[in-house]
Amino acid sequence: MESDCRIPVACCRPRVLVLHALFWGLVSLRVFGAALLSEEKTTVKPVVAPCWLLEEFIVTGECVRCNDFDSKSQTACRQTGYVEKVNCTKSSREEYKSCRSALMEEHLFWKFEAAMLALTVLFAVLVVFRQRWLDRLASEKVRRQIESI
């Protein structure tokens, strides 16, 4: 009489079971140990909202492109790549605020226009080719009907 057990007999040997337990123990220790170490290393810094979000401000410097160093060090440069200098009225603090440059907007507009023009040309060519193909099929069908008479 055979057993319905689908586990091979070799997997039930004590040596294999110990190796499996050791392997999975090391894996879980590695995973949970890494999680515990990462929790210890991370320190939560309090996020202070910029003054221009909380109070009125005056723009003191125009919107300019960030250089490579500023784009990596200032958080305001990371959003659009352009910043303007603002002076908050109540706290009299000067901070940098991300802005959208007219030059950048114009560049994006012309990129969009070029993409739309390219798509228009592409689909116009596709329509012409498809129309020629359908006309050829229709003329062949008419030719076959005439020949069958």
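The mean pLDDT of this predicted chain is 82, and 83% of the residues reach 70 or more; pLDDT is the predictor's confidence in each residue, from 0 to 100. Among the elements of the chain, confidence is lowest in helix H1 (residues 14-41), with a mean pLDDT of 70, and highest in helix H5 (residues 102-147), with a mean of 95. Helices (H or I, at least four residues) and strands (E, at least two) are DSSP runs, numbered from the N terminus. Because the model is predicted, local features need pLDDT of at least 70 and side-chain atom pairs count only at pLDDT 80 or more, while totals for chains, interfaces and linings use all residues. Residues are numbered from 1 along each chain as its sequence is written, and side-chain values use heavy atoms, with hydrogens and water left out.

The UniProt record, an unreviewed entry, places the feature "transmembrane region" at residues 16-37 and 108-129. UniProt positions are given in the numbering used here, feature names are shortened, and annotations may be inferred rather than shown by experiment. In the model, residues 108-129 are 100% helix and 0% strand, and the end C-alpha atoms of this span lie 32 Å apart.

Next come the cysteines. The structure holds 3 disulfides, a disulfide being a pair of cysteine sulfur atoms within 2.5 Å. With the bonded cysteines of the chain numbered in sequence order, the pairing reads 1-5, 2-6, 3-4.

One of these links joins Cys-51 and Cys-88, whose sulfur atoms are 1.7 Å apart. Cys-51 lies in helix H2 (residues 51-54) and Cys-88 in strand E3 (residues 82-88), so this disulfide ties together parts that are 37 residues apart in sequence. The torsion about the S-S bond of Cys-51 and Cys-88 is about 70°, so the disulfide is right-handed. For accessibility, buried means under 20% relative accessible area, exposed over 50%, and partly exposed in between (1.4 Å probe, protein chains only). By this scale Cys-51 is buried, with a relative accessible area of 3%, and Cys-88 is buried at 1%.

Cys-63 and Cys-99 form another disulfide, with their sulfur atoms 1.9 Å apart. Here Cys-63 sits in the loop between strand E1 (57-59) and strand E2 (64-65), and Cys-99 in the loop between strand E4 (94-98) and H5, so the pair ties together parts that are 36 residues apart in sequence. The link of Cys-63 and Cys-99 is right-handed, with 95° about the S-S bond. Cys-63 is partly exposed, with a relative accessible area of 24%, whereas Cys-99 is buried at 8%.

The pair Cys-66 and Cys-77 has its sulfur atoms 2.1 Å apart. This disulfide links distant parts of the chain, 11 residues apart: Cys-66 is in the loop between E2 and helix H3 (68-73), and Cys-77 is in helix H4 (residues 75-80). The torsion about the S-S bond of Cys-66 and Cys-77 is about -85°, so the disulfide is left-handed. Both Cys-66 and Cys-77 are buried.

Strand E4 also holds Lys-97, a buried residue with a relative accessible area of 17%. Leaving aside neighbours within four places in sequence, Lys-97 is in contact (heavy atoms within 4.5 Å) with Trp-52, Phe-57, Ala-76, Tyr-82, Val-83, Glu-84 and Val-86.

Turning to charged pairs, the structure holds 5 salt bridges, each a side-chain nitrogen of Lys or Arg within 4 Å of a carboxyl oxygen of Asp or Glu. Among them is the pair of Glu-95 and Arg-93, whose side chains meet at 2.5 Å, N to O. Glu-95 is buried, with a relative accessible area of 17%, while Arg-93 is partly exposed at 36%. The side chains of Glu-105 and Arg-100 also meet in a salt bridge, at 2.5 Å, N to O. Of these partners, Glu-105 is partly exposed, at 33% relative accessibility, and Arg-100 is exposed, at 52%. Helix H5 contains both Glu-147 and Arg-143, 4 residues apart, about one turn of the helix. Their side chains form a salt bridge at 3.0 Å, N to O. Glu-147 is exposed, with a relative accessible area of 54%, and Arg-143 is partly exposed, with 42%.
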